[in-house]
Amino acid sequence: MIPAPFTYQRASSVDEALELAARAGEDAKFLAGGHSLMPLMKLRLAVPETLIDIGRLGELSYVRADDGHIAVGALTTHDDIARSDLLASELPLLAHAASQIGDPQVRHCGTIGGSLAHSDPAADLPAVAVALGATFVARGRRSGTREIAAGDFFLSLFETVLEPGELLTEIRIPKPQSAGWSFQKFAKRGIDWAIVGVAVQGPNVALVNMGSTPIRARGVEQALAAGSGPREAAAHAAEGTSASDDLNGPRAYREHLARVLVGRALAEAASRG
Amino acid sequence: MVRTEDPRLLTVGGTYVDDLREPELAQAARVTFVRSPIAHALITGIDVSAAREAPGVVAVLTAADLDDLPPPPPDSGLTGTEGLPFPLGGHWSEPLFAVDRVRFVGEPVAMVITDDRYQGEDAAELVSVDYEQLPAVVGVAGALAGESLLFPPAGSNVAVSTGTPADSAAFDGCDAVVEQVIVNQRLAPVPLEGRAAAARWADGKLTLWVSTQNAQIARFILAGALGLDPANIRVVAPDVGGGFGAKIGVDRDGLLVAWAAKHIGRALRWAETRSENMLAMTHGRAQRQVVKIGGTRDGRILAYRLEIVQDTGAYSRMGGFLPFLTSLMAAGPYDIAHVETAYQVVMTNATPISAYRGAGRPEATAAIERAVDLFAAEIGMDATEVRRINLVPADKFPYTSGSGATYDTGEYVAGLDKVLTGAGYAELRAEQARRRETGDVLQLGIGVASYVEITAADADGGETARLVVHDDGTATVYTGSSAHGQGHHTAWAMLVQAELGIDMSKVTVIHGDTDLIPMGVGTYASRSLQLGGVALQKAAIEVKELGRKVAAEMLEASEADLELDVDRGVWQVRGDPATSTTWAQVAAHVGEAGLAADVNYTDGKPTFPFGTHLAVTEVDTETGKARLIRHVTVDDAGTVLSPVLAEGQRHGGIAQGVAQALLEEMVYDAEGNPVTGTLVDYAIITATELPSFELLASETPATVNPLGAKGIGEAGTIGATPATQNSVIDAVSHLGIRHIDMPLTPARVWAAISEARESR
Ligand SMILES: Cc1cc2nc3c(=O)[nH]c(=O)nc-3n(C[C@H](O)[C@H](O)[C@H](O)COP(=O)(O)OP(=O)(O)OC[C@H]3O[C@@H](n4cnc5c(N)ncnc54)[C@H](O)[C@@H]3O)c2cc1C
């Protein structure tokens, strides 16, 4: 529970953060809310040499409507997202999912950028971003500013397409075409990560914790497009998934949960559509 | 009423061992343990040279340095069937540092002492230990298989055995007999404050500040382990952030801190991390039970058999005590003609097992309460009806149970009825029937558990109290009992006020310092009020009689004419309230001699609290997730002194009990690696998972002590676990499910549901 030694640097602007990261090299990590990184460091499962604290970059904490999409700054906390009036009316799926993360302490520290960059398949917001068809904006000293589609961003557990020193700055989410949404999070306790989760926005269905990245439930989406009802479509929920066996149950149980939860999510989304 | 300790705890906060800023500890170095990462291995070499060179390292110590200890005591000869909570000696002895073999992940192998804590963690990684891995003994089955032995000279992993119960005729007259294997899983106590110790050796005297439930027992253990005269040891327990039985006395880690401070001549401090706490603080429960129950078709239970295999982990810290207590309480609150029990204690490559809230009694209740439900299901009778038929009737007390305990007082049937009425049992059953009929996804479960438990089982160990009234009208209590969250300060002040009329706010309670209180036992087994409280009450009565004499002298009245006005705390002449004197004046009059009394109360007897819990759960039959939606209880602990403290104990106890039923389990993999070593994987319960509890009042006074008090500390845990387990099983019983082992996680409940559906 005591991290290995590291160097701590605090950035006071995005440019400085990028500069510090470029100088510190491969073994540097950005520190946002610290609620994924610090636990790993305390267990010495993560041993970064340098931490670049971006936690006070107020310039990256915002929710605003741009034309055609909503922009969320990467440093916006889960709690700010959960309480945003704009999101409540425009993207209730995101606001609601953020309210289901951990406990109040976690939600006040954890950030959307940290949650996405961390790429934990058990996290809620990656699947939500995928279901919403979000685009991520990243900046790096070498790569400049680039946009990455949520569906292309996650590579595997703790691995994304971000390059070392590249900072996630903004999440852009198009206004949904179809209003029906649902977020089903199945966990043992209120504070827990999902054993399985489902995010539905209109025709898009994404799964939490059914593989090494957030997964689009293509089989379900295709069945819906082909005119199947929610029940029939939900039967396809586990197709193409690769859930693992763990303390919370065997893979077959997870697959079963995916079907049940997708069924419930589709029914709820339909009731809101 | 507010607990007198709360304003401080909730504002400035407590002072726990790691918060201490005593001048004696100003130069203290930090201890970091090097712990075994392997469950079972021979140690073939330890190289500490790199660690010794690391920055800030003061010393690195291993078993090889333990050259200044007394020889180990001769084998006590205890077999573990005596029902005493002492470790087994001989072959089974537990070393301080592992010597040539490690037996559980987390066992201390070496200690790094550094100027600061961070250096310690880094240097500890540099201690290189060569292990030759051995096959791990995992769980009861692994121990009984005996293919790998923890203590080869012993020739077996079975440390204690009482033989098998063998009355083959026991179940002959029964119409229906049910048998079931039940796992009472291994739990971690998870106190908010982990273990912590600070030690200093100076001028031939050892001072140990330690997070313990009993400073005096810790001193006794220290004296034996380090070969010191108890007079040369001072043990101090400052604020203690929970113990639940796992902080009784002091364990090997704390002893090593004390030894090392003496060995290197420098003050030391140690506070474990949560990771260490999960691995190296003792665990609890861990029994595999086989129950067999039989009786007549009209609901009379005739015979009950309980066979226990106690997984005691890598070392037997309590001998056969836990399964002994389980056996003693096996019959529960029922009048059963034939009860037979047997137990074995087996060694496994896991954290040692010790007392955990209830310590042996929750296991007994869990077994028989499951058995009663199984029997009721077998004969097709409502399980509460079976309970009513078999509960010991009120006119049979004192009653000696089939498993040998003599219950003092009880109103068992009344307790059951109160809960059923309070919960609206008939309406709940109607609601359940409605949901079953409509095939609701959320099925309702109603689970009941009736219990009786033993508190202050070691009453003859006694408890001490010293009460002093000062010339400013205040009073100080020195108690051998030891507060670690229970609210002793409130209760003890109430007792003084009730007896002497000295306002609670003027009463200071001191505990947990062996220089001030050399004699005492401490807090466990729900013993405090009925022993320590009675001791204090007796001391107060002695002080009152002293006060009467002095006041009589002062007021020139006869003692018989004096009365104490407890509302004002004033002595006065009967019928002449103007002729009076205060406690301050009386104490001043006595002067040097002091107005004080010392009591060591050893006439106490164990008491037997009882009650019934009813848990209502909703089970999602599509996912297997169970949610507790109501919990209604009667917990009769005799005469209640402070309702707020009693309720607090019930609340915490119920929460922990529900947690065992639904969530908690310490799991090991096939190599003996703990896989639930963090609070992400080891799921303690939170408020989100719990409803508001419905606590009904019931007070049947104990007759063996003047306060009429029984223990309340463990009752909630004892009743809540089986009530919740029975409730979840009840919710799915219409599918043909009779039993599911704890914890009733969604995956487990779903597995039972899908299996039941497939076999239809
Ligand atoms: C008790 C507990 C319960 C939790 N429960 C849940 C839950 O139910 N659901 C859930 O989804 N999550 C849960 N979390 C995780 C929580 O949501 C984290 O806050 C979040 O995953 C990470 O955000 P952060 O700001 O804390 O990131 P940090 O921990 O600071 O960083 C995480 C990783 O992302 C990188 N990073 C951070 N920001 C950026 C950026 N802008 N650009 C590039 N890289 C960046 C860091 O370098 C690091 O590698 C829980 C955490 C805890 C401690």
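**Exercise 1.** Does Asp18(B) count as buried, partly exposed or exposed, and at what relative accessibility?

*Solution.* The model under study is predicted. Asp18(B) has a relative accessibility of 25%. Buried requires under 20%, and exposed requires over 50%. Asp18(B) therefore counts as partly exposed.

**Exercise 2.** Identify the salt-bridge partner of Asp18(B) and describe the setting of the pair.

*Solution.* The partner is Arg30(B), with 3.1 Å between the closest N and O atoms. Asp18(B) belongs to the loop between α1 (6-10) and β1 (29-35) of chain B, whereas Arg30(B) belongs to strand β1 of chain B; the two are twelve residues apart. With a relative accessible area of 14%, Arg30(B) is buried.

**Exercise 3.** Determine which parts of chain B are tied to strand β1 through the salt bridge of Arg35(B) with Asp253(B), and then through that with Glu276(B).

*Solution.* Consider Asp253(B) to begin with: its side chain forms a salt bridge with that of Arg35(B) at 2.8 Å, N to O. Asp253(B) lies in helix α6 (residues 252-264) and Arg35(B) in strand β1, so the pair joins parts 218 residues apart in sequence. Both Asp253(B) and Arg35(B) are buried.

Next, Arg35(B) meets Glu276(B) in a salt bridge, 2.8 Å from N to O. Glu276(B) is located in helix α7 (residues 274-280), so this pair ties strand β1 to a part 241 residues away in sequence. Glu276(B) is buried as well.

**Exercise 4.** Place these contacts of Arg35(B) in their wider context.

*Solution.* Arg35(B), Asp253(B) and Glu276(B) belong to a network of salt bridges whose members include Glu94(B), Arg195(B) and Arg317(B). Over all chains, the count comes to 67 salt bridges.

Terms used
Residues numbered from 1 in each chain as written. Chains lettered and ligands numbered in written order. Predicted model: local features only at pLDDT ≥ 70, side-chain atom pairs only at ≥ 80, totals over all residues. Heavy atoms only, no water. Salt bridge = Lys/Arg side-chain N within 4 Å of Asp/Glu carboxyl O. Helix = DSSP H or I, 4+ residues; strand = E, 2+ residues; numbered from the N terminus. Buried < 20%, exposed > 50% of the residue type's maximum accessible area, 1.4 Å probe, protein only.
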